[in-house]
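Open the model in your viewer and switch to the cartoon view. Follow the stops below in order.

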Amino acid sequence: MQAMSVQQPWAFAIARGGKSVANQSFPTAYRGPLLIHASMRVDLKACDSPLVQAAGWDPRDPLATIGAVIAVAELDDVCSAAVRGASCECGPWADSASHHWLLSGIRALPRPIVALGRTDLWQPTPTLLKEVETMFATAALHNAN
């Protein structure tokens with residue numbers, strides 16, 4: 001499993017609001033499970049974006065935190081058409097001139113897990129992975145009862 005750090009409120013929009021495209025400055029050959037980490041930076045202008053507002057942005061929500069893993073997703077594909085100046089069908093979340101990392105199966109964590117991130121794709125520690133796994137298992141157990 002890999003991880004990526006995303007500025008708020010974009011990380012929140014992935015975790016809670018149906019944002020299935022992560023705009024990145026670089027492509028990746030990696031496909032598979034991906035932790036979504038809310039970086040320590042906040043894109044303040046984006047907080048007023050109609051897309052972010054429609055995603056339910058609420059700075060009081062625990063998943064609006066910074067410096068923590070807040071979700072897990074599958075990285076299915078990367079569309080680089082916009083970088084080449086071509087059109088793509090990646091939807092309203094896709095920025096022009098960015099590589100679009102296409103996400104699916106997004107699951108918000110029941111609560112954030114504080115962790116240090118990085119600016120590129122990064123390898124989470126075994127301890128962090130175990131904590132995520134335990135959190136989902138515990139939540140599933142509680143939901144079953």
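Two strands count as paired if DSSP finds at least two bridges between them. Keep in mind that this model is predicted.

**Stop 1: a parallel pair.** Select residues 2-8, strand E1, and residues 32-42, strand E3. These two strands run in the parallel sense and share six bridges. Now zoom in on single partners. Gln-2 has Leu-34 of E3 as its bridge partner. Then click Met-4: opposite this residue stands Ile-36, also in E3.

**Stop 2: an antiparallel pair.** Keep E3 and add residues 68-79, strand E4. How many bridges join E3 and E4? There are seven, and the pairing is antiparallel. For one example, pick Gly-32 and look across to Leu-75 in E4. In general, backbone hydrogen bonds hold the strands of a sheet in such pairs, parallel or antiparallel.

**Stop 3: the whole sheet.** Show five strands in the order E1-E3-E4-E5-E2. They form an open sheet with mixed pairing. Which strands lie at the edges? They are E1 and E2 (21-24), each paired on one side only. Rotate the view: neighbouring strands here are turned by 45 degrees against each other on average, ignoring direction.

**Stop 4: a patch on the surface.** Select Met-40, Val-42, Leu-44 and Ile-66, and turn on the surface. Together they make a nonpolar patch of about 400 Å². Finish on Leu-44, in the loop between E3 and helix H2 (50-54). Is Leu-44 buried or exposed? Leu-44 counts as exposed because its relative accessible area is 64%, and the cut-off for exposed is over 50%.

Notes:
Residues numbered from 1 in each chain as written. Predicted model: local features only at pLDDT ≥ 70, side-chain atom pairs only at ≥ 80, totals over all residues. Heavy atoms only, no water. Helix = DSSP H or I, 4+ residues; strand = E, 2+ residues; numbered from the N terminus. Axes fitted to C-alpha atoms, helices over the stretch in contact; angles between N-to-C directions. Patch = residues over 30% accessible without salt bridge, like charges linked within 9 Å, V, L, I, M, F, W, Y side chains within 5 Å. Areas by Shrake-Rupley, 256 points an atom, 1.4 Å probe, with all protein chains shown as cover. Salt bridge = Lys/Arg side-chain N within 4 Å of Asp/Glu carboxyl O. Buried < 20%, exposed > 50% of the residue type's maximum accessible area, 1.4 Å probe, protein only.
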